Amino acid sequence: MGRLEGRERKENEDAFSNVSETAVCAISDLAHSAELEKIRKTSHVINERGNYNMCQALREWMEDSKKEGRDEEKANTERERLRADAAEKKIKEAEEENAVLMRRLSDAMEKMQELSQEVTNLRKQMRLA
């Protein structure tokens with residue numbers, strides 16, 4: 001179903017910009033909507049006749065919902081960035097630890113080669129004596 005155009009839109013806007021408090025209360029109660037209840041308590045959407053301008057109220061509600069969605073998206077993006085940063089930090093720490101272990105292993109292997117050479121030299125000396 002497409003958007004309302006022209007006369008139909010104007011008729012709907014005229015009707016929904018002048019909704020009685022009784023109707024707003026009934027709709028709010030039936031929908032169990034905290035947002036509609038909030039609208040009911042918002043005085044700036046009440047027109048000069050004391051009725052509710054639901055067009056304005058619903059536009060504001062949609063804008064608030066969009067803003068909440070954008071804010072939530074920003075928060076999610078920030079959480080993901082923090083997770084990525086934490087993962088990157090852990091990887092860097094693991095790489096640094098790996099480098100330290102590799103140096104220790106290399107040092108130990110050099111020491112083993114030195115000791116092996118000493119053993120070989122001692123065996124030669126024992127044969128000569």
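Trainee: Why does Asn-47 count as buried?
Mentor: This is a predicted model, in which local features need pLDDT of at least 70 and side-chain atom pairs count only at pLDDT 80 or more, while totals for chains, interfaces and linings use all residues. Residues are numbered from 1 along each chain as its sequence is written, and side-chain values use heavy atoms, with hydrogens and water left out. Buried means under 20% relative accessible area, exposed over 50% and partly exposed in between, with a 1.4 Å probe and protein chains only. Asn-47 is therefore buried, its relative accessibility being 17%.

Trainee: Leaving aside neighbours within four places in sequence, which residues is Asn-47 in contact with?
Mentor: Asn-47 belongs to the loop that links helix 3 (34-40) to helix 4 (54-128), where helices are DSSP runs of H or I with at least four residues, strands are E runs of at least two, and both are numbered from the N terminus. With contact meaning heavy atoms within 4.5 Å, the partners of Asn-47 outside those neighbours are Ser-17 and Asn-18.

Trainee: What radius of gyration does the protein chain have?
Mentor: The protein chain holds four helices and zero strands, and its C-alpha trace spans about 120 × 30 × 25 Å along the principal axes. The radius of gyration is taken over C-alpha atoms, and the globule rule is 2.2 Å times the number of residues to the power 0.38. For a compact globule of 129 residues a value near 14 Å would be expected, but the protein chain has 38 Å.
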